[in-house]
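Welcome! Let's get to know this protein together, one question at a time.

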Amino acid sequence: MSEMYVLHVNGQEREVRDAGPTESLLFVLRERLGLMGSKGACEQGECGSCSVMVDEQLVCSCLVLAAGAVGQRITTIEGISAGAPTDVQRAFVEAGAVQCGFCTPGLIMATHALLERSPQPTEMEIREELSGNVCRCTGYGRIIDAVQRVARDRSGS
């Protein structure tokens, strides 16, 4: 049984055709809409590599049914900027917080979500917010440094 529905992704209405009712948002984003930024690793909501924003809430897209996201605003890593890298993306590069890049989209999305809620997070808040994201290459020190750089730069201090 297949369905057709429309998702609001990165500011655009996107038709999803021939979708199964149990397809995850991650699967639909990658395989049906060609948005390859969100990564599929654990498929259990444990690693954070598939993180996207749904109505301004950070979610693991592997745990969300795509059909359940109809009528909600979905923002992926591809949709967080208007072409140029965001300050968060630049800080990750400058801090050396990017190596293999597999976890990076999820960490960038989590950082944007954190800084929207808490513009000057403490190190503990940063660690807590990013605790749902697994990074095996870079190490968390550089990632935390990148988040702190953005917070400092945005505050002007």
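Q: Is Asp145 exposed, partly exposed or buried in this predicted model?
A: The model is predicted, and its relative accessible area for Asp145 is 25%. Buried would need a value under 20%, and exposed a value over 50%. Asp145 falls in between, so the class is partly exposed.

Q: Which residue forms a salt bridge with Asp145?
A: Look along helix H5, residues 140-155, where the two residues are four apart, so about one helical turn separates them. The partner is itself partly exposed, at 26% relative accessibility. The closest N and O atoms of the pair are 3.0 Å apart, and the partner is Arg149.

Q: How many salt bridges does a search of the whole structure find?
A: Side chains of opposite charge can pair when their charged atoms come close. The pair Arg149 and Asp145 forms one such bridge. Searching the whole structure gives a total of eight.

Q: How far apart in sequence are the parts that Arg73 and Glu56 tie together?
A: These two residues form a salt bridge, with 3.1 Å between the closest N and O atoms. Arg73 sits in strand S5 (residues 73-75), while Glu56 is in the loop between strand S3 (51-54) and strand S4 (57-60), so the parts they tie together are separated in sequence by 17 residues.

Q: Which of these two, Arg73 at 42% or Glu56 at 61%, counts as exposed?
A: Exposed calls for a relative accessible area over 50%. Arg73, at 42%, counts as partly exposed. With 61%, the exposed residue is Glu56.

Q: Which residue is linked with Glu56 and Arg73 in a network of salt bridges?
A: We have already met the bridge between Arg73 and Glu56. A network of salt bridges links these two residues with Asp55.

Q: What distance separates the closest N and O atoms of Arg117 and Glu129?
A: This salt bridge links distant parts of the chain, with Arg117 in helix H3 (residues 104-117) and Glu129 in helix H4 (residues 123-130). Arg117 is exposed, at 56% relative accessible area. The closest N and O atoms of the two residues lie at a distance of 2.4 Å.

Q: Which strands stand at the edges of the sheet?
A: Five strands make an open sheet of mixed pairing, in the order S2-S1-S5-S3-S4. Each edge strand has a single partner, so one of its sides is left without a neighbour in the sheet; these strands are S2 (12-19) and S4.

Q: In which sense do S3 and S4 pair?
A: Strands of a sheet pair through backbone hydrogen bonds, either parallel or antiparallel. Here S3 and S4 are joined over four bridges, and Val52 stands opposite Val59 in S4. The sense of their pairing is antiparallel.

Q: At about what angle does H3 run to S3?
A: Helix H3 lies across three strands, S3, S4 and S5. Its angle to S3 is about 40°.

Q: Which helix gives the most to the largest nonpolar core?
A: This core has 24 residues, and those with the most contacts inside it include Phe92 and Val147. Helix H2 (87-94), H3, H4 and H5 each supply at least two residues. With seven residues, the one giving the most is H3.

Q: How many residues are in the other core, apart from the largest one?
A: Its members include Val9, Val28, Leu33 and Ala69. This core lies apart from the largest one, and its residues number 15.

Note on methods: Residues are numbered from 1 along each chain as its sequence is written. This is a predicted model: local features need pLDDT of at least 70, side-chain atom pairs count only at pLDDT 80 or more; totals for chains, interfaces and linings use all residues. Side-chain values use heavy atoms; hydrogens and water are left out. A salt bridge is a side-chain nitrogen of Lys or Arg within 4 Å of a carboxyl oxygen of Asp or Glu. Buried means under 20% relative accessible area, exposed over 50%, partly exposed in between (1.4 Å probe, protein chains only). Two strands pair if DSSP finds at least two bridges between them. Contact means heavy atoms within 4.5 Å. Axes are lines fitted to C-alpha atoms, for helices over the stretch in contact, and angles run from 0 to 180 degrees between N-to-C directions. A nonpolar core is a set of buried Ala, Val, Leu, Ile, Met, Phe, Trp, Tyr and Cys residues joined through side-chain atoms within 4.5 Å.
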